[in-house]
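Reader: I should like a close look at the largest pocket of this protein, together with its setting in the fold. Please state the cut-offs behind each term.

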Amino acid sequence: MGQQGDRIFAVTAERGFPDPWLSFGDSLCSESALSTELKHAIGTARKEDTAGNLFAVKAAFTAKKDNLRHSERLLSQVLSDYDVSGEWERLDEKAGRLDIEDVAENWGRVVGLHPYPVVVESLRFNWRYMKTHGVRGFYEMTTGYVAALIANTER
């Protein structure tokens with residue numbers, strides 16, 4: 001076990017993640033950070049209802065909304081570009097060959113330190129979804145997820 005995962009890990013360690021995957025991943029990481037900042041700003045404003053604290057909440061909401069719209073645009077662009085280029089077939093073929101448990105074992109050594117390895121389980125879900133529904137289907141599902149985040153943020 002771990003050979004396919006070792007190869008993938010070595011390539012990403014050397015070259016990094018390719019765009020648009022990297023940009024979208026960065027955007028989701030920003031979503032987590034911005035959500036945390038927003039939670040803190042709201043907590044502070046609830047304790048001390050000042051104009052400055054209320055402005056900080058508004059600024060945090062604006063940054064979060066802007067980032068989610070950026071994520072939405074990235075996904076839309078990928079869907080469009082890959083439809084034109086036929087990239088989905090190549091990605092589906094690669095996803096079909098992926099040995100999920102082999103790769104998860106490798107990645108688990110790095111990102112699975114928590115007693116419940118949330119990142120590894122999320123990757124397993126993503127990879128299984130791609131194998132079952134295709135990579136385009138995964139992007140469509142992810143587009144729905146981002147739309148739900150946008151709606152929740154607006155609410």
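Author: The account below begins with the fold and then turns to the pocket, the cavity and one buried residue.

The model is predicted, so that local features need pLDDT of at least 70 and side-chain atom pairs count only at pLDDT 80 or more, while totals for chains, interfaces and linings use all residues. Residues are numbered from 1 along each chain as its sequence is written, and side-chain values use heavy atoms, with hydrogens and water left out.

The protein has six helices and zero strands, where helices (H or I, at least four residues) and strands (E, at least two) are DSSP runs numbered from the N terminus. The C-alpha trace spans about 55 × 40 × 25 Å along its principal axes. Of contacts (heavy atoms within 4.5 Å) between residues at least 6 apart in sequence, 74% join residues at least 24 apart.

The largest pocket holds about 1900 Å³ of space. Its lining comprises 47 residues, and F17, W21, L123, W127 and M130 are the closest to its centre. Two or more lining residues come from each of α1 (3-15), α2 (21-47), α3, α4 (87-97), α5 (100-111) and α6. The largest share, 15 residues, is given by α6. By class, the lining of the largest pocket has 29 nonpolar, nine polar and nine charged residues; Ala, Val, Leu, Ile, Met, Phe, Trp, Tyr, Cys and Pro count as nonpolar, Asp, Glu, Lys and Arg as charged, and the others, Gly among them, as polar.

A pocket is found on a 1 Å grid over the protein atoms alone, as an open set of points with protein on both sides within 12 Å along at least five of seven lines; a cavity is a set of points where a 1.4 Å probe fits but cannot get out, and lining residues have an atom within 4 Å of a point. Points are joined across faces, edges and corners, and a volume is the space filled by probe spheres set on them.

The structure also holds one cavity of 30 Å³ or more. The largest cavity is lined by K65, L68, R69, I150, T153 and E154, with α3 (51-85) and α6 (118-154) each supplying at least two of its lining residues. That lining divides into two nonpolar, one polar and three charged residues.

Helix α6 also contains T142. T142 is buried, because its relative accessible area is 8% and buried means under 20% (1.4 Å probe, protein chains only). Beyond its neighbours within four places in sequence, T142 is in contact with F24 and L75.

Definitions and conventions:
Buried < 20%, exposed > 50% of the residue type's maximum accessible area, 1.4 Å probe, protein only.
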